[in-house]
Amino acid sequence: MSDRGRGRRGGGGGSGRGGGGRIPSSSGGRGGGWPSPSGGRGRGRGTVSGGGSPAFNAPPMYQPQQPSMTVSSLSREVEQKLSLQPSSSVQPPVTGQRVQQPAPVAQPVGPPVTARPVQQPAPATAVQPPKPLPESSKSIRVPPRPGYGTVGRKCLIRANHFLVQVADRDLHHYDVTISPEVLSKKVCREIMSQLVNDYKHSHLSDRELAYDGRKSVYTAGPLPFDSKEFVVKLANDSGGARRERDFKVSIKFAAKADLHHLKQFLQSRQSDAPQETIQALDVVLRATPSVKYEVVGRSFFHNTLGEYGVLTDGLEYWKGYYQSLRPTQMGLSLNIDMSARAFYESIYVSEYVFRYLNLRDPHRFMSDLDRMKVKKVLKGVKVEVRHQGIRRYRISGVSAQPVKEIMFSVDGTEIRTSVADYFRQKYNIVLRYPMLPAIQAGSSSKPVYLPMEICSIVPGQRYTKMLNGRQVTEMLKATCQRPGDRERTIMQIVRTNRYDADKMVKEFGIEVRGELTTIEARVLQPPMLKYHESGQESRVDPRVGQWNMINKKLVNGGRVDTWTCVSFSRIDPDLFCRALIDMCCSKGMVFNSTPLIPFRSAHAGQIEKILGEIHKECTNRLAAAPVNQVNHLQLLIVIVPEVSGHYGTIKRVCETDLGIVSQCCHPKNVSRPNKQYLENLALKINVKVGGRNSVLEQALHRRIPFLTDMPTIVFGADVTHPQPGEDSSPSIAAVVASMDWPEVTKYRGIVSAQHHRKEIIMDLYTEKEDPKKGIVRGGMIMELLKEFRRSTGMKPGRIIFYRDGVSEGQFNQVLLDEMDAIRKACTSLEEGYLPRVTFVVVQKRHHTRLFPANHNDRNMTDKSGNILPGTVVDTKICHPTEFDFYLCSHAGIKGTSRPAHYHVLFDENSFSADAIQNLTNYLCYTYARCTRSVSVVPPAYYAHLAAFRARYYIEDDIADLKSTSGGDGATRSTASAEFKPLPTIHRNVSNVMFYC
């Protein structure tokens with residue numbers, strides 16, 4: 001470090017002048033620049049973040065020293081590690097340094113628990129000394145399981161996993177090519193079924209063909225040829241003159257599946273999963289139901305697989321089941337779960353349109369807006385007509401004119417007639433709704449116009465758009481099942497499938513056990529929560545995942561000096577605001593009882609105008625006030641309109657245009673506010689103005705291994721994608737990070753738009769060329785690390801990164817790109833700054849369900865009949881070799897609880913199984929918006945909320961794009977190549993947990 005950048009010796013706190021760090025502060029907050037390794041202070045005061053209690057002061061700054069490394073060399077190192085390539089250089093050894101010793105090991109709360117090892121036990125919660133960072137020649141592959149957890153009360157549970165045993169068969173893989181090309185998997189299966197019927201005895205040696213619907217077929221032994229071409233005649237179900245189509249099907253040998261490799265992997269003797277072999281066996285188990293039922297992803301649906309019913313607006317739900325073959329510790333496992341999907345009702349298109357648009361007068365001309373809605377929802381749907389035999393068409397559009405005004409030439413003559421007159425004259429069909437537009441089939445050059453009232457929707461077509469609120473409610477009512485009922489439904493599915501009688505399954509030597517897997521799980525102890533000492537109850541021991549605010553005060557009550565209220569409903573908010581302020585004050589907040597300006601009432605159509613006026617009036621009032629007061633409106637209470645659809649506009653205007661933190665309230669809750677509702681609002685308002693609701697007592701006493709022994713920052717990240725069929729919208733990435741230590745309760749969030757359906761977070765680390773400054777490095781990670789330094793006066797020696805929304809097929813790519821970005825961000829802040837990183841993927845969209853072994857044992861279930869919160873599983877149904885576990889951290893409310901699946905993809909901190917499981921479980925009790933433990937670790941939860949909030953910021957832009965593009969939106973290529981960046985969140989808002 002140069003002399004000019006060197007400051008006086010001392011910690012990061014306090015005030016005084018000194019040299020800045022290597023990366024100066026990008027904004028004028030306190031705490032100055034990034035600290036140098038020698039501990040020099042940045043410019044300005046490096047004070048600990050405001051809002052914390054003096055009793056919660058952090059320990060001296062931990063300053064790990066790491067070998068020097070540039071951004072470019074680091075990028076090469078990470079890529080080499082992930083791709084297992086040899087490195088051209090070796091990292092220099094770590095020089096001697098004094099390292100802060102770990103804090104005492106946290107002891108379980110309550111009576112001691114006798115913990116017997118499950119399998120290969122590891123030390124319970126002991127903090128292992130950190131291993132040196134791996135050299136570039138070492139592998140950075142997904143870490144192996146370090147052992148099994150032992151802490152917690154043992155219990156027996158069941159999982160919807162069914163053991164699969166495979167006989168030693170000679171599995172062969174063949175490539176399939178169908179000509180002319182067919183895009184529909186259903187039609188491809190029909191072609192292959194016809195091929196088996198025609199040629200099984202003569203050319204296929206009586207073997208069954210397990211077909212995946214696309215390019216692969218598998219057999220339980222060799223076919224009598226290496227390559228052969230077949231001709232298949234398939235009947236055309238669309239009617240018309242042509243009744244049969246000819247297809248050429250080429251079957252060519254590709255490879256033999258390696259069952260030995262699979263056995264070695266399942267016995268943990270080989271680390272690479274033989275995905276081709278697992279896929280082959282999965283295709284075999286799916287072959288028969290794929291022909292019998294409607295296939296949606298990995299699920300099967302049919303109206304005979306359970307009750308089906310109406311969802312309103314022309315939709316109905318079908319029940320079915322999900323099925324997937326997975327490698328686990330106990331061997332191959334078939335994961336089966338019940339499922340439900342929305343399908344179009346098989347009704348006339350005119351009837352569907354009436355329901356969808358809620359049309360009261362079908363004889364009136366349809367507006368352009370309604371017509372575009374119909375076009376969007378019906379595009380691609382198959383319909384059937386019967387006026388000249390049975391014919392099927394696929395809807396490509398909706399006419400701009402009603403059927404009585406669409407004119408065309410009859411049979412190429414000069415005689416022109418309307419669609420309505422044509423059907424009356426030729427088919428003797430008098431249309432009842434001539435004012436409706438026609439549906440368009442065929443191509444744009446040769447369109448076919450059909451009246452809606454003669455077209456019926458072909459059954460079995462799934463609805464791919466987003467369901468509205470009423471439909472979601474109806475779907476949940478129909479499919480929500482208590483654990484005992486869901487378990488019985490799953491067992492009925494297995495009995496119905498009769499795998500033991502399936503000819504295909506038997507030929508391949510596959511046996512599926514008929515009972516759920518029994519597992520020895522553990523129930524982890526909840527943490528002790530700390531509230532303010534002035535309350536009657538300052539310590540809380542949560543019971544069954546929940547507690548309440550009775551006799552408690554917020555551990556750090558926020559302060560609200562400037563506030564007001566606006567109502568866009570017919571309700572007078574005066575009494576409600578008085579009750580809310582009383583509640584906030586009773587819970588320990590300091591809340592000015594007098595609003596900055598008088599309350600306002602306005603119509604919903606004036607939202608943007610009124611919000612702007614309020615902001616201007618408040619700004620003028622504060623400008624004329626004494627200097628020592630707050631210089632901005634801290635809180636705006638908004639009573640939203642009775643009609644939905646305005647929440648996004650309010651949040652967009654307040655958070656990006658005006659810099660106002662807002663709390664929206666629904667009129668029905670405002671008119672009759674109960675104590676529980678007011679308490680929940682107080683929790684949300686407190687964190688929105690910079691307070692803390694509660695903290696983990698173990699954190700205050702530095703008794704949480706791998707969190708409180710050194711300054712640690714906890715990240716959460718998520719990417720949300722637009723709804724299906726919305727090709728014009730970008731995906732939105734959000735990253736949050738803890739801004740306090742050791743409490744780890746305050747999180748700052750950053751959001752960013754990126755390419756359509758791009759899962760990798762692109763702005764974690766950025767490099768931009770500046771004509772004056774050269775390469776300017778930045779990104780989400782750098783900004784959040786700087787903010788952590790400003791808030792705590794310390795730089796983190798450890799990073800724990802919880803990443804939500806990643807599927808198993810994306811693990812390697814996410815690890816490669818995002819770990820590289822994290823490393824580059826750290827070394828860009830300071831050469832050689834490499835805090836140890838643990839990267840954990842959080843998954844909720846899976847189908848593993850855990851059930852109590854005895855549904856009548858009230859000691860092992862919560863009130864909803866689900867397993868107890870804190871139940872953790874890391875044996876039997878988990879990965880054979882990698883570091884993963886299932887954690888049900890919440891108490892069920894309705895239906896069957898879904899545990900979260902955590903998969904450690906990268907770990908330089910050498911977590912033990914107990915340490916990561918306990919830490920994750922503890923964090924689930926720190927969620928700010930309620931007095932319950934939550935199902936997903938809060939940083940990941942907050943990232944999801946922030947990304948969801950940011951979508952409101954571009955909602956109007958998307959609507960404009962759709963209206964100008966004829967309702968179809970941009971093409972996929974356009975959407976992926978161009979996207980509009982998000983508006984900047986105002987600094988008054990971004991400094992607090994605005995997304996709560």
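These legends walk through several close-up views of a predicted protein model.

Local features are given where pLDDT is at least 70 and side-chain atom pairs where it is 80 or more, while totals for chains, interfaces and linings use all residues. Residues are numbered from 1 along each chain as its sequence is written, and side-chain values use heavy atoms, leaving out hydrogens and water.

**View 1. The whole protein has 23 helices and 42 strands.** Both are DSSP runs numbered from the N terminus: helices are H or I with at least four residues, strands are E with at least two. Of the 996 residues, 55% are buried (under 20% relative accessible area with a 1.4 Å probe, protein chains only; over 50% is exposed and in between is partly exposed). Among contacts (heavy atoms within 4.5 Å) with a separation of 6 or more, 73% link residues 24 or more positions apart. The protein exposes about 44,500 Å², with carbon and sulfur atoms supplying 48% of that area (Shrake-Rupley method, 1.4 Å probe; for residues, only the protein chains shown count as cover).

**View 2. Helices α5 (residues 349-357) and α6 (residues 368-378) cross at roughly 120°.** Their axes come within 11 Å; axes are lines fitted to C-alpha atoms, for helices over the stretch in contact, and angles run from 0 to 180 degrees between N-to-C directions. The crossing is right-handed (the near helix is turned clockwise from the far one by less than a right angle; anticlockwise would be left-handed). On the α5 side, the contact is made by Val349, Tyr352, Val353, Tyr356 and Leu357. Asp370, Lys373, Val374, Val377 and Leu378 contribute from α6. Together these residues divide into eight nonpolar, no polar and two charged. Here Ala, Val, Leu, Ile, Met, Phe, Trp, Tyr, Cys and Pro count as nonpolar, Asp, Glu, Lys and Arg as charged, and the others, Gly among them, as polar.

**View 3. The buried residues of α5 and α6 have several neighbours.** In α5, the buried residues are Val349, Ser350, Tyr352, Val353, Phe354 and Leu357. Their cover includes β11 (315-328), β12, α6, β13 (382-385), β18 and β20 (456-457). Asn358 follows α5 with a positive phi, near 55°. In α6, Asp370, Arg371, Val374, Lys375, Val377 and Leu378 are buried, and the buried residues of this helix pack against β12 (331-344), α5 and β15. Just after α6 comes Gly380, with a positive phi of about 90°.

**View 4. Strands β15, β18 and β19 make an open antiparallel sheet, in that order.** Strands pair if DSSP finds at least two bridges between them. β15 (397-402) and β19 (447-451) stand at the edges with a single partner strand each, so one side of each has no neighbour in the sheet. From one strand to the next, the twist averages 40°. Strand β18 (residues 437-442) joins β19 through five bridges; look for Ala441 opposite Val448.

**View 5. Strand β7 (residues 244-256) pairs with both β3 and β6.** Eight bridges join β7 to β3 (residues 172-179) in the antiparallel sense, with Asp175 opposite Lys252. Strand β6 (residues 227-235) also runs antiparallel to β7, over nine bridges. Ala235 has Glu244 of β7 as its bridge partner.

**View 6. A second three-stranded open sheet runs in the order β24-β23-β31, with antiparallel pairing.** The edge strands β24 (539-540) and β31 (695-696) each pair on one side only. Two bridges link β23 (residues 529-530) to β24, and Lys530 stands opposite Arg539.
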